[in-house]
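Me: I should like to learn how to read helix packing and charged pairs in a structure that is new to me. May we take the features one at a time?

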Amino acid sequence: MAYNIGDKEKVNERKESMKKENTNEMRQMGEIFKEIRSACGFTQDQMATFLGVDRTLITKYEKGERGLGIGALERACEVFGCNLNVLRGIEEYKPMTVAYRAKDLTIEDMEAICMVQKIALNLRRIKEYGKE
């Protein structure tokens, strides 16, 4: 396919624009992730172990330097008790308090927190649906 120079420049400008948008969104998601992780009382090490990634990836993700796969993001949302739109900054985070006494959370503890968060999130959705 033949392009004229003007078309090529427009395509390159659009690519650069999209790259900046993606970088900004990734940085924003990382910041929100960090805020929620900290508010939940999870360390980077705990999250890394729970998500099955290296701690340095969590650090880089929170700084907006690297991305996390969709599976890891969905898993993080489960333990945070939210959905991906919260991490994307589209919806507000509505924390659900889960009390636990363990100093050093294990993966099993975090799995249990996920289950409680899922139940609480579903109850919240049912309650909101009833208001409509």
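Reply: Certainly; please keep in mind that this is a predicted model. Two packed helices are described by the angle between their axes and by the distance between those axes. Here the axes of helix 4 (residues 70–80) and helix 6 (residues 107–131) come within 7 Å and cross at roughly 75 degrees.

Me: How is the arrangement of helix 4 and helix 6 to be described: roughly parallel or roughly perpendicular?

Reply: Angles from 65 to 115 degrees count as roughly perpendicular, and helix 4 and helix 6 are therefore roughly perpendicular to each other.

Me: Which residues make the contact between helix 4 and helix 6?

Reply: Helix 4 contributes Arg75, Glu78, Val79 and Phe80, while helix 6 contributes Met110, Glu111, Ile113, Cys114, Gln117 and Lys118. By character, the residues of this contact divide into 5 nonpolar, 1 polar and 4 charged.

Me: How many salt bridges does the model contain?

Reply: Side chains of opposite charge can pair when their charged atoms come close. With a limit of 4 Å between nitrogen and oxygen, the count comes to 7 salt bridges. In one of them, the side chains of Arg37 and Glu62 meet at 2.5 Å, N to O. Arg37 belongs to helix 1 (residues 5–40) and Glu62 to helix 3 (residues 55–62), so this pair ties together parts that are 25 residues apart in sequence.

Me: Is Arg37 buried or exposed, and is Glu62 buried or exposed?

Reply: A residue counts as buried under 20% relative accessible area. Arg37 has 7% and is therefore buried; Glu62, with 6%, is buried as well.

Me: What separates Glu78 and Arg75 along helix 4?

Reply: Glu78 and Arg75 form a salt bridge whose closest N and O atoms are 3.6 Å apart. Because the two residues stand 3 residues apart in helix 4, about one helical turn separates them. Glu78 counts as partly exposed at 28% relative accessibility, and Arg75 counts as partly exposed at 24%.

Me: Where do Lys94 and Glu128 lie?

Reply: Lys94 forms a salt bridge with Glu128, with the closest N and O atoms 3.5 Å apart. This pair links distant parts of the chain: Lys94 is in the loop between helix 5 (84–87) and helix 6, and Glu128 is in helix 6, 34 residues apart. Lys94 is partly exposed, at 41% relative accessible area, and Glu128 is partly exposed, at 35%.

Me: Which residues are joined into one network by salt bridges that share partners?

Reply: Arg75, Glu78, Glu111 and Lys118 are joined in this way.

How values were computed
Residues numbered from 1 in each chain as written. Predicted model: local features only at pLDDT ≥ 70, side-chain atom pairs only at ≥ 80, totals over all residues. Heavy atoms only, no water. Axes fitted to C-alpha atoms, helices over the stretch in contact; angles between N-to-C directions. Helix = DSSP H or I, 4+ residues; strand = E, 2+ residues; numbered from the N terminus. Parallel < 35°, antiparallel > 145°, perpendicular 65-115°, else oblique. Contact = heavy atoms within 4.5 Å. Nonpolar A, V, L, I, M, F, W, Y, C, P; charged D, E, K, R; others polar. Buried < 20%, exposed > 50% of the residue type's maximum accessible area, 1.4 Å probe, protein only.
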